[in-house]
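Me: I've got a protein and RNA model open on my screen. Could you walk me through how to read it, one feature at a time?

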Amino acid sequence: MRVTQLLAPTLREVPAEAEVISHRLMLRAGMIRKTTSGVYTYLPLAQRILQKIAAIVREEMNRAGGLEVGLPIMQPAELWQESGRWAVYGDEMFRLQDRHQRDFCLGPTHEEIITDLVRNEVHSYKQLPLLLYQIQNKYRDERRPRFGLMRCREFIMKDLYSFDRDEAGLEVSYQKMYNAYSQAFQRCGLQFRAVEADSGAIGGNASHEFMVLAGSGEALVVHCDQCGYAANVEKAEASPELLQEGLEPGALQRVHTPGVCTVVEVTTFLGISAQEVLKTLFYEAEFTTHRELIAVVIRGDRNINETKLLNRLGCLRLELASDTLIKKTTGASPGFVGPIGLKGIRILVDTEVPLMVQAVVGANQDDYHYRYADPGRDFPLDEVADLRMVEAVEPCPHCGNSLVQSHGIEVGHIFKLGTKYSSAMGARFLDEKGQEQLIVMGCYGIGVSRTMAAAIEQNYDANGIKWPVAIAPYHVIIVPVSFQDEQQRTVAEKLYNGLLKVGVEAILDDRLDRAGVKFKDADLIGYPYRITIGPKALKDGEVEVRCRITGEDFRLKIEEVVQWLADQVHSQLHGFV
RNA sequence: CGGGGCAUAGCUCAGUUUGGUAGAGCGCCUGCCUUGGGAGCAGGAGGCCGCACGUUCAAGUCGUGUUGCCCCGACCA
């Protein structure tokens with residue numbers, strides 16, 4: 001490719017709409033343009049990158065035994081009504097009607113479609129296991145698209161669905177995918193971590209997320225260097241901290257605490273630490289059939305993990321209760337509520353609560369607290385559960401070593417689905433005994449367009465992007481300082497052709513612009529290697545090579561540079577396989 | 001969905017307070033010159049000032065409505 005023939009309109013200034021680094025750089029590098037909120041057009045450079053990511057993913061899916069299919073984007077409402085999700089999916093689903101007013105949606109995911117295919121075509125245990133996947137656009141009407149390609153309404157996703165005859169088979173498929181995902185992200189040249197994840201509303205009992213580690217990541221994960229435990233903080237187990245071991249219980253004491261509402265105020269007023277306070281939060285939990293007020297008790301210095309709470313309760317939605325409702329129920333304002341004497345309300349306590357013997361709690365009367373509350377003695381411990389968010393620094397729940405916290409971008413997510421869809425939609429097979437059995441399913445997604453953005457979030461500097469070789473739009477850019485100079489031009493063409501011959505993807509900057517312009521664009525777009533052809537090195541029969549990733553500069557003989565670059569590129573492309 | 005902000009040239013933004021013939025820098029086109037980190041000179045093209053209605057002799061500017069976009073929050077198989 002020659003730069004004069006490429007469409008890569010680079011921008012000197014940062015478009016006002018972009019905040020996130022990957023978004024800004026892709027706009028500036030002439031890779032993407034916004035079509036409407038959450039919908040982008042991919043220009044040639046981005047398209048090449050996406051295809052490279054997709055190719056790696058495709059190879060790994062195939063290697064794991066996956067079969068590629070092409071599923072429809074436009075899907076009939078009937079299938080979604082069968083699974084029950086037409087009603088549940090809500091505003092996030094793009095819906096449309098045809099001229100006969102029949103309902104359709106644009107696929108946000110493809111469980112229904114694929115289950116429909118499999119129930120029609122698979123009838124025997126001999127046809128299982130089956131791994132089917134596609135790489136395709138997905139549509140979700142996000143409430144708030146943002147961060148450029150990170151959260152779009154239209155995006156590219158690889159989704160694979162596994163079909164097995166039983167749980168043991170699912171476990172095998174799941175492991176295959178876990179390994180394939182690890183391999184795929186490694187080959188993309190990304191630093192990532194697989195973490196245990198909450199399986200959310202999709203159900204199932206096991207789930208891992210693949211996180212590209214980057215400071216700008218939305219997700220918080222913790223991991224242990226010692227034993228390898230890693231989890232999203234939404235999921236991470238919290239090990240209870242023993243603080244008041246051996247302490248003798250005291251007599252419950254009601255103290256006047258006028259206007260002292262928050263944990264901080266309580267600790268200051270009483271001269272104690274937040275660890276000695278128990279706070280009580282009231283949630284309104286929405287179940288399928290009813291709404292219920294729930295009290296949750298947790299140590300004053302801890303935070304509730306609402307994901308854990310929601311899972312524990314098995315409710316659809318959680319919301320902190322309003323002050324009015326709290327007052328009506330307990331007779332006290334939120335700052336003075338506590339578990340003692342609460343009647344007719346389900347009380348959940350965090351695992352650390354029973355370990356305390358002298359706690360300060362609200363007295364359910366404004367301007368009063370209790371001291372020396374003894375959990376179990378002064379209020380019931382009927383429901384004890386891990387309900388707290390793990391902190392930045394705390395011991396690993398498995399080995400006790402210190403956990404490390406980091407930010408990540410979710411680029412892959414694998415789930416065990418079980419029989420949720422096969423039972424709803426009747427996907428069954430006959431086993432050896434002629435018995436009808438439900439197919440056991442798993443689903444596995446990789447955000448392809450998001451992976452492109454995540455790669456940038458992890459690899460950039462003040463001058464632009466630093467693509468890993470495996471997913472770079474081209475491996476090498478050749479920059480003659482002056483393309484009008486005949487000698488430089490001749491060398492440039494020779495190297496260009498030489499690189500193509502040895503399988504290195506080269507692009508020649510044949511523009512008549514000044515060198516500075518070409519250097520700036522090369523850095524911005526982020527080609528891994530740049531060959532500079534200029535008078536300085538040329539007089540020694542050499543050219544300069546700069547590595548974008550490490551910043552290293554090399555001077556190489558003209559005759560040697562092609563092979564040298566071929567070695568560099570190929571070792572990075574195939575080093576992992 | 002709640003809160004905030006923005007909308008003028010391809011991009012970044014002035015101009016709106018106090019109504020009076022549309023501006024700058026960058027980019028783009030032509031020519032000259034130049035070529036090692038976004039050069040210089042000369043000339044040029046490019047705007048329903050988001051849209052609609054209203055006030056006014058006169059609206060980019062004032063009023064009402066509307067649409068789109070961005071940010072924060074809630075939400076996120």
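Me: Which helices and strands each supply at least two residues of the surface near RNA strand B?

Reply: Keep in mind that this is a predicted model. Five elements fit that description: strand S1 (32-36), helix H13 (515-525), strand S29 (529-533), helix H14 (535-538) and strand S30 (542-547). H13 gives the largest share, with eight residues.

Me: What kinds of residues make up the surface near RNA strand B?

Reply: The split is 21 charged, 17 nonpolar and seven polar. There are 45 residues around the strand, and the ones that come nearest are Arg12, Arg140, Arg144, Arg151 and Gln484. On the RNA side, sugar and phosphate make up 44% of the strand B atoms that come within 4 Å of the protein.

Me: How do I read individual polar contacts to the RNA?

Reply: Here you look for pairs of N or O atoms within 3.5 Å. Start with the phosphate: one of its oxygens in RNA strand B sits 2.7 Å from a polar side-chain atom of Thr36. Then go to the bases. Arg530 puts a side-chain N or O atom 3.0 Å from a base oxygen of RNA strand B. With Phe519 it's a polar backbone atom, 3.5 Å from a base nitrogen of the strand.

Me: Now the fold. Which domains does chain A have?

Reply: The domain assignment lists three: domain 1 (44-234 + 405-457), domain 2 (253-385) and domain 3 (474-574). Between the centres of domain 1 and domain 3, taken over C-alpha atoms, there are 40 Å.

Me: And how do I describe a pair of packed helices?

Reply: Two numbers do the job: the angle between the axes and the distance between them. Take H2 (residues 44-63) and H6 (residues 167-187): the angle is about 150° and the axes are 9 Å apart. Angles over 145 degrees count as roughly antiparallel, so H2 is roughly antiparallel to H6. The crossing of H2 and H6 is right-handed.

Me: What about H12 and H15: roughly parallel or roughly antiparallel?

Reply: Helix H12 (residues 486-501) and helix H15 (residues 558-574) have axes that cross at roughly 30° and come within 10 Å. The cut-off for roughly parallel is under 35 degrees, so H12 and H15 are roughly parallel to each other. Their crossing is right-handed.

Me: Last one: how do I spot backbone oddities?

Reply: Check the torsions. At Leu128 and Pro129, omega is about 0°, and the peptide bond joining them is cis. Pro129 lies in the loop between helix H5 (111-121) and strand S7 (130-139). For phi, look at Gln101: the value is positive, about 60°, although this residue is not a glycine. You'll find Gln101 in the loop between strand S5 (95-97) and strand S6 (103-106).

Technical notes
Residues are numbered from 1 along each chain as its sequence is written. Chains are lettered from A and ligands numbered from 1 in the order in which they are written. This is a predicted model: local features need pLDDT of at least 70, side-chain atom pairs count only at pLDDT 80 or more; totals for chains, interfaces and linings use all residues. Side-chain values use heavy atoms; hydrogens and water are left out. Domain bounds come from an automatic or database domain assignment. A residue is near a molecule or strand if one of its heavy atoms lies within 4 Å of it. A polar contact is a pair of N or O atoms within 3.5 Å; within protein, one must be able to donate a hydrogen and the other to accept it, and residues adjacent in sequence count only if both atoms are side-chain atoms. Helices (H or I, at least four residues) and strands (E, at least two) are DSSP runs, numbered from the N terminus. Ala, Val, Leu, Ile, Met, Phe, Trp, Tyr, Cys and Pro count as nonpolar, Asp, Glu, Lys and Arg as charged, and the others, Gly among them, as polar. Axes are lines fitted to C-alpha atoms, for helices over the stretch in contact, and angles run from 0 to 180 degrees between N-to-C directions. Angles under 35 degrees count as roughly parallel, over 145 as roughly antiparallel, 65 to 115 as roughly perpendicular and the rest as oblique. A crossing is left-handed if the near helix is turned anticlockwise from the far one by less than a right angle, and right-handed if clockwise.
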